[in-house]
Amino acid sequence: MKFIVSTKPTKSALDLAIINSNVSKFYSKSCLAEVSANANTLTINLEAASIVSEVKLKGSGDTDEASTVFVDSLVLKQLIASFDSPTIIFEFTESGLVLHTGKSKFTLPKMTDDSDMALARPLKVLELSNCVNVDVDSSAWKFVKDHQMFAIAMSFVHPVYTNVWVSDGDDVVVGDFDNSIFTHSHKSNLGCCCLLSDTIVNLLMSLPEGSKIVRDPESRSYIINGSTDSFDYIAQFTPKYESDPGVGSYNADMVLSMMPDSSDQAVTLDSDKISKLLNQASLLSTSSEDTITLSVRDKQAWLHDNNVNGSVDIKPSCDWDKIKEYSVEFRTALLKSAMSNYSGDISIYPCMADDDIVGGVVMKDKDVTTLLAGVE
C-alpha cells in the first residue's frame with residue numbers, strides 16, 4: 001500500500017507526538033512508532049512511560065485495505081524532519097516502511113514481526129463524562145524542568161521520590177530522600193494531588209499554547225487534545241497516586257514544613273558569586289563525595305574546603321544583630337547543583353534539626369525554594 005501526505009503537517013505532528021527525551025531503551029515501547037494507513041487517514045500511535053498518544057493525518061491511499069508497520073520512532077521523526085519536498089509517500093512493504101520524497105526514497109526496517117502487537121490507544125474526550133477542564137501552562141512546566149528536575153531521585157531505594165509530587169492546589173515538590181534535597185514551587189495547575197513521572201513533565205512542557213486538557217475522574221487520567229487544521233492529536237497521561245498499591249507516601253507535608261516561606265534568620269546574598277566559588281571548588285575536587293562547608297559569620301557567607309576559602313558579602317537587608325552564626329558541611333556537587341538553579345539575589349536561612357542543631361539550609365527566590373541537608 002502507498003499513502004501520500006503533505007510534509008509540513010507530518011513534521012509538525014511528529015514534533016508534537018514524539019518527545020525525544022521520553023524515548024528510552026528502559027521502556028522499549030517508547031522506541032516504536034506504530035504507523036497505519038487506510039484509504040484516507042494516516043495514523044501514528046506512540047507510547048512512553050505513563051503516556052499514550054496518537055496523531056491522524058489526512059491524505060490519500062491507493063487501496064481501502066489497512067496496513068500497519070512498526071518502525072523506530074526517533075528515526076522516523078528525524079528522517080522526516082530532513083525532508084523538504086511538499087509531499088511524502090508512505091509505502092508499506094513486507095520488510096518495513098519506504099518513504100518517498102522528491103526523487104529520493106528511504107527504507108525504515110520494521111521493528112517487529114508480531115502481527116498481534118498493538119500500542120495502547122488514548123481515550124477520546126467524547127467517550128468520557130464528568131470531565132474537568134484544566135488550563136495548560138507549558139511555560140510553568142518548563143520552569144519545573146529547568147529548575148527542579150535536577151533534584152529528582154534516580155535511585156529506586158525509595159521509588160516514590162522518582163516522581164514529582166503535585167498538590168490539589170499549585171504546589172510542585174521534586175526531591176531525593178537519599179540525598180536530602182527537595183525543591184518547591186507554585187507551578188502546578190492540574191487541580192489534583194498526584195505523582196508525575198519525568199515523561200509527563202516533558203510532555204506538559206512541550207505542548208503548544210492553546211492545547212486543551214481535561215481530567216477524567218473515573219480513569220484518573222488526563223486527556224490532551226492538541227488538534228490543528230492539518231492533523232488531529234490526542235494524548236493521555238496517567239499519574240500515579242499515593243493511594244495506589246505499592247507507591248507509598250511522599251510525605252510532602254513534612255517536607256514543606258521544613259522549608260517555610262520566611263525566617264528571621266534569613267540573609268540575602270548574590271547566588272552568582274556563590275556559584276562562582278562552587279565552580280572553582282568543583283574544578284579542584286577529586287571525588288563526587290568531596291564536601292565543602294558553608295558558614296554564615298562576620299556579615300559574610302564563607303565557603304571553605306581543603307582547596308578553597310572564599311566569601312561573599314551578605315546584603316545589608318537583614319538585621320545582623322538577630323542572625324545566629326552557623327556552619328554546615330555539604331557535598332560539593334549537591335550544593336553546586338542546587339545553587340546553579342538560581343541567579344541574582346536569594347535568601348538563605350538555616351534548617352534546624354533536633355536540639356537546635358543546624359541540619360541544612362533553605363535557599364529561596366520568588367519562584368523556587370530548595371532545601372538541602374548537610375552531610376551527617
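Which residue in β23 is the bridge partner of Val-267? It is Ile-348, and the first close-up starts from that spot in this predicted model.

**View 1. An open sheet of 8 strands, with β18 at one edge.** The strand order is β14-β11-β12-β13-β25-β24-β23-β18, and the pairing is antiparallel. At the edges sit β14 (194–196) and β18 (267–270), each of which pairs on one side only. Going from one strand to the next, the twist averages 25°. Zoom in on β18 and you find strand β23 (residues 345–352) beside it, paired in the antiparallel sense over 4 bridges. Val-267 and Ile-348 are bridge partners here. Helix α6 (residues 271–284) lies across β18 and β23 and runs at about 65° to β18.

**View 2. Thr-332, tucked into helix α7.** Helix α7 covers residues 332–339, and Thr-332 is part of it. Is Thr-332 buried or exposed? Its relative accessibility is 3%, so Thr-332 counts as buried. Leaving aside residues up to four places away in sequence, Thr-332 touches Ala-281, Ser-282, Asp-290, Thr-291 and Ile-292. One of these contacts, Ala-281, also turns up in a core of 34 residues, which we come back to in View 6.

**View 3. The other open sheet, running from β6 to β10.** This one also has 8 strands, in the order β6-β2-β3-β4-β17-β16-β15-β10, with antiparallel pairing. Its edge strands are β6 (67–72) and β10 (132–134), and each pairs on one side only. On average, neighbouring strands are turned by 20° against each other, direction ignored. Strand β4 (residues 51–58) and strand β17 (residues 231–237) are antiparallel partners over 7 bridges. Look for Val-55 here: its bridge partner in β17 is Tyr-233. Helix α4 (residues 198–206) lies across β4, β15 (212–216), β16 (221–225) and β17, and runs at about 150° to β17.

**View 4. Stacked rings that link distant parts of the chain.** The model has 6 aromatic pairs. Phe-83 and Phe-106 make a stacked one, at 5.4 Å centre to centre with 25° between the planes. Phe-83 comes from the loop between α2 (73–81) and β7 (87–92), while Phe-106 belongs to strand β9 (residues 104–109), so to speak across a gap of 23 residues. Phe-83 is buried at 3% relative accessibility, whereas Phe-106, at 32%, is partly exposed. Tyr-161 and Phe-177 form another pair: their ring centres are 5.8 Å apart and their planes meet at 15°, so this pair is stacked. Tyr-161 lies in the loop between α3 (138–147) and β11 (164–166), and Phe-177 in the loop between β12 (172–176) and β13 (181–185), so the pair ties together parts that are 16 residues apart in sequence. Tyr-161 is buried, with a relative accessible area of 5%; Phe-177 is partly exposed at 40% relative accessibility. Both rings belong to one aromatic cluster, together with Phe-182 and Tyr-250.

**View 5. Two arginines over aromatic rings.** Which ring does the charged end of Arg-220 sit over? That ring belongs to Tyr-241, and its centre is 4.0 Å away. Arg-297, for its part, lies over the face of Trp-302, at 4.6 Å from the ring centre.

**View 6. Two separate nonpolar cores.** In soluble globular proteins, nonpolar side chains tend to be buried together. Here, the largest nonpolar core has 58 residues. Those touching the most other members are Val-35, Leu-76, Phe-90, Leu-97, Leu-99, Tyr-233 and Phe-237. Follow Phe-90 and, beyond residues up to four places away in sequence, you meet contacts including Met-1, Phe-3, Val-5, Val-35, Leu-42, Leu-76, Ile-80, Leu-97 and Leu-99. Lys-2 and Thr-10 are also among the residues that Phe-90 touches. Tyr-233, the bridge partner of Val-55 from View 3, is a member of this core too. The second core has 34 residues, among them Leu-278, Ala-281, Tyr-326 and Met-339.

**View 7. Ser-257, out in the open on helix α5.** Helix α5 spans residues 252–257, and Ser-257 is found in it. With 52% relative accessibility, Ser-257 counts as exposed, since the cut-off for that is over 50%. Gly-359 is 102 residues from Ser-257 along the chain, and their C-alpha atoms are separated by 14 Å.

How values were computed
Residues are numbered from 1 along each chain as its sequence is written. This is a predicted model: local features need pLDDT of at least 70, side-chain atom pairs count only at pLDDT 80 or more; totals for chains, interfaces and linings use all residues. Side-chain values use heavy atoms; hydrogens and water are left out. Helices (H or I, at least four residues) and strands (E, at least two) are DSSP runs, numbered from the N terminus. Buried means under 20% relative accessible area, exposed over 50%, partly exposed in between (1.4 Å probe, protein chains only). Contact means heavy atoms within 4.5 Å. Rings of Phe, Tyr and Trp (its six-membered ring) pair if their centres lie within 6.5 Å; planes under 30 degrees apart count as stacked, over 60 as edge-to-face and the rest as tilted. A charge sits over a ring if NZ of Lys or CZ of Arg is within 6 Å of the ring centre and within 35 degrees of the ring normal. Two strands pair if DSSP finds at least two bridges between them. Axes are lines fitted to C-alpha atoms, for helices over the stretch in contact, and angles run from 0 to 180 degrees between N-to-C directions. A nonpolar core is a set of buried Ala, Val, Leu, Ile, Met, Phe, Trp, Tyr and Cys residues joined through side-chain atoms within 4.5 Å.
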